[in-house]
Amino acid sequence: MSTPINRRRFLGATAAAGAAAFLPFGRGHAASGEVSVWKFGGTPQEIETWAQRNDVFSQANPDIDLKYSYFNGQIRRQKILAGFQTNRVADVVIAFGQDIPEFAGFGMLQPLDDIAGSRIEGWKERIVPEVYQSGVHEGKLYALPTYVDMASFLAINLDAMEEAGFDRPPETWEELREYAKAMTKPDRPGIAFPVTTAPVDINIFEGLAYANGGRIFDEETGKVTLNDPGVVDALQLYIDLIADGSTPAATSMTETFFRDTAQLFGQGRSAMWIGLSWLNTPWGVNEDVRWTGVPFPRPDKPSGSYEPVSAIMDGTAMLMISSRAKNPEAALEYVDFWSQNQQMEIWGGQPEIARIPAGKAAWDNPELKEAWPNWVKSYDAGTLFKGGAPMPRFIGVSAIESSLGTAIQQAVLGQKTPQEALDEATAGAQTQIDLIRG
């Protein structure tokens, strides 16, 4: 039970020597030598395009020998932690924003504003301020974001909506239930949502809970808050949709993760589905499905103990420099390369449309406007990020989210009420947090 505490002490004690090697770098001399990069996760389009842009980086920097490796996003924490402990971590790691507090707390990352010098000004000029802030932790920039995902969003089949007599997407939780029931057919549920224990499925639910004024952890008090009314009532919405007969069978929902649920919608086998901002864009939909994506409806009257948020967001391709980097100067050159408009425009529809771009220039691209007119309209109006907040990110977040996933499944399967399941999850997660945080 003491392993997390011992690991933190080990990592913190061994980080100082590597961090001491960093000094601010200007542009007075060219970087050279080998730089290693580990990238974790991404859509198929993103993975392919990232590798192509790496070739552009190598051509522009012939004195830098780029050693690039790609890994599945779900193994990132284990691999990066193990690499740091054995002094084999890459100079640059491209991971998730949710990882920043834990990695920074363990002394694994070098704050970019300590070494980037005048480059910081250019980054701030090119990156949307709200997205730039997603790389900041305790006042320091630890990661350069390239895009963010937001939770939660609703995909809606427009033909199914109009057939049910509606002329606009639902805007409240009460309307959502009404729409889902009206759009349900014997062979097609009105709505589908994933409730496996996969992290993305949990993030989708957290988006609903945070919009309802819920939180999973109170950092000021150190208390787990999974049983806050805002979280309990968000889970009750899931249960109500099931009770209304608007969803697939509960047992299949606990085994069908986000990608499978997207496939149901894309094949016209559900009229709506709840997901992150990218919804079906990484995989597409059948040609006969006319659809749109909108922010998830808001609760009629938020019931949580905290300020409701419009959405929670996190970047899943954020560039971080290890405190053990063997070639920090070349690492910084690589990070700066990805801050340039030519790279940032990848997520403006050149060619990827699955993500919310970090780069300001990407928002001017006609490809993005064609794919996501509502996103661009909200961005231009200054409302897309208004009232948003980061996805939960703190040391111990994995333990709490694991308990939350179990509670969601217990409630969906009818084993416990939402209150009972979340009360039990809160007690169990609090014990783990107390151990982790010492």
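In the predicted model, the side chains of Arg77 and Asp99 are joined by a polar contact of 2.7 Å. Arg77 lies in helix 3, which covers residues 76–85. With a relative accessible area of 14%, Arg77 falls under the 20% cut-off and is therefore buried. Beyond its neighbours within four places in sequence, Arg77 is in contact with Gln98, Asp99, Glu102, Phe103, Val397 and Ser398. Asp99 thus appears both in this list of contacts and as the polar partner of the Arg77 side chain.

A second local feature concerns helix 5, formed by residues 119–126. The buried residues of this helix are Arg119, Ile120, Gly122, Trp123 and Arg126. Viewed down the helix axis, these residues fall within an arc of 160°, and they therefore line one face of helix 5. Glu121 and Glu125, by contrast, are exposed on the other side of the helix. The partners against which the buried residues of helix 5 pack include both helices and strands. The helices are helix 6 (129–132), helix 13 (328–339) and helix 14 (341–344). The strands are strand 5 (140–141) and strand 6 (144–145).

At the level of the whole protein chain, the secondary structure comprises 18 helices and 15 strands. The C-alpha trace spans about 65 × 50 × 35 Å along its principal axes. For 438 residues, a compact globule would be expected to have a radius of gyration near 22 Å, and the value of 22 Å found for the protein chain agrees with this expectation. Of the 438 residues, 57% count as buried. Contacts between residues distant in sequence were also examined: among those joining residues at least 6 apart, 78% link residues at least 24 apart. The accessible surface of the protein chain amounts to about 17600 Å², and carbon and sulfur atoms account for 49% of this area.

Confidence in the prediction was considered both for the chain and for one segment of it. The mean pLDDT of the protein chain is 91, and 93% of the residues reach 70 or more. Over residues 1–26, however, pLDDT stays under 50. For this segment the model has 47 contacts beyond four places in sequence.

Methods
Residues numbered from 1 in each chain as written. Predicted model: local features only at pLDDT ≥ 70, side-chain atom pairs only at ≥ 80, totals over all residues. Heavy atoms only, no water. Helix = DSSP H or I, 4+ residues; strand = E, 2+ residues; numbered from the N terminus. Buried < 20%, exposed > 50% of the residue type's maximum accessible area, 1.4 Å probe, protein only. Polar contact = N/O pair within 3.5 Å; in protein donor to acceptor, adjacent residues only side chain to side chain. Contact = heavy atoms within 4.5 Å. Arc of directions from axis to C-beta. Rg over C-alpha atoms; globule rule 2.2 N^0.38 Å. Areas by Shrake-Rupley, 256 points an atom, 1.4 Å probe, with all protein chains shown as cover. pLDDT = per-residue confidence, 0-100.
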